[in-house]
Amino acid sequence: MLEVTPRCLERGIIPVPRGALYVVRDTHWMLLGAWYGVIALLVLTRFWPYWSSLL
C-alpha cells in the first residue's frame, strides 16, 4: 500500500488535484506512520482493561 497509492496518483489512475498529489507524494511515510499509530491506539484502548488487570 505504501508505494501503490502514490504511483496510482502520479499516473492518473486515481484522479486527484495536483495539490493533493504533492502532499501525498511528500508525506506518504508520515501518513503511513500515523495510520499505524491510530491502529495501535485503537488496540490499546480496546484491550486496556485486560492489560491493566495483569498487574
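**Aromatic, ionic and helical features of the predicted model**

The structure holds one aromatic pair. F47 and W51 make up this pair, with ring centres 5.9 Å apart and planes at 50° to each other, an arrangement classed as tilted. It is worth recalling that two numbers describe a pair of aromatic rings, namely the distance of the centres and the angle of the planes. The angle of 50° for F47 and W51 falls between the limits of 30 degrees for stacked and 60 degrees for edge-to-face, so the label is tilted. All of this refers to a predicted model.

Why do F47 and W51 sit about one helical turn from each other? Both belong to helix α2, which covers residues 18-53, and they are four residues apart there. In general, an α-helix has 3.6 residues a turn, so residues three or four places apart point the same way. The two partners can also be described by their accessibility: F47 is partly exposed at 39% relative accessibility, and W51 is likewise partly exposed, at 35%. The ring of F47 has a further neighbour, as the charged end of R46 sits over this ring at 5.3 Å from its centre.

Turning to ionic contacts, a search of the whole structure finds one salt bridge. The partners are R25 and E10, whose closest N and O atoms are 3.3 Å apart. Because R25 lies in helix α2 and E10 in helix α1 (residues 4-11), the bridge ties together parts that are 15 residues apart in sequence. Are the two residues of this bridge buried or exposed? The answer lies in between: R25 is partly exposed with a relative accessible area of 37%, and E10 is partly exposed at 45%.

Between α1 and α2 runs a loop, and I14 is placed in this loop. Its relative accessibility of 35% makes I14 partly exposed. Leaving aside residues up to four places away in sequence, I14 touches C8 and L9.

Helix α2 itself deserves a closer look. It has 36 residues and reaches 50 Å from its first C-alpha to its last, close to the 52 Å expected at 1.5 Å a residue. A kink of about 70° is nevertheless found in α2, centred on T27. Farther along the chain, A40 also lies in α2 and is partly exposed at 45% relative accessibility. From A40 to V16 the C-alpha distance is 29 Å, for a sequence separation of 24 residues.

The segment before α1 contains E3, which is partly exposed with a relative accessible area of 35%. How far apart are the C-alpha atoms of E3 and M30? They are separated by 13 Å, with the two positions 27 residues apart along the chain when counted as a sequence separation. Contacts of E3, not counting residues up to four places away in sequence, are made with H28 and W29.

Key
Residues are numbered from 1 along each chain as its sequence is written. This is a predicted model: local features need pLDDT of at least 70, side-chain atom pairs count only at pLDDT 80 or more; totals for chains, interfaces and linings use all residues. Side-chain values use heavy atoms; hydrogens and water are left out. Rings of Phe, Tyr and Trp (its six-membered ring) pair if their centres lie within 6.5 Å; planes under 30 degrees apart count as stacked, over 60 as edge-to-face and the rest as tilted. Helices (H or I, at least four residues) and strands (E, at least two) are DSSP runs, numbered from the N terminus. Buried means under 20% relative accessible area, exposed over 50%, partly exposed in between (1.4 Å probe, protein chains only). A charge sits over a ring if NZ of Lys or CZ of Arg is within 6 Å of the ring centre and within 35 degrees of the ring normal. A salt bridge is a side-chain nitrogen of Lys or Arg within 4 Å of a carboxyl oxygen of Asp or Glu. Contact means heavy atoms within 4.5 Å. The expected span of a helix is 1.5 Å times one less than its number of residues. The bend at a residue is the angle between axes fitted to the seven residues ending there and the seven starting there.
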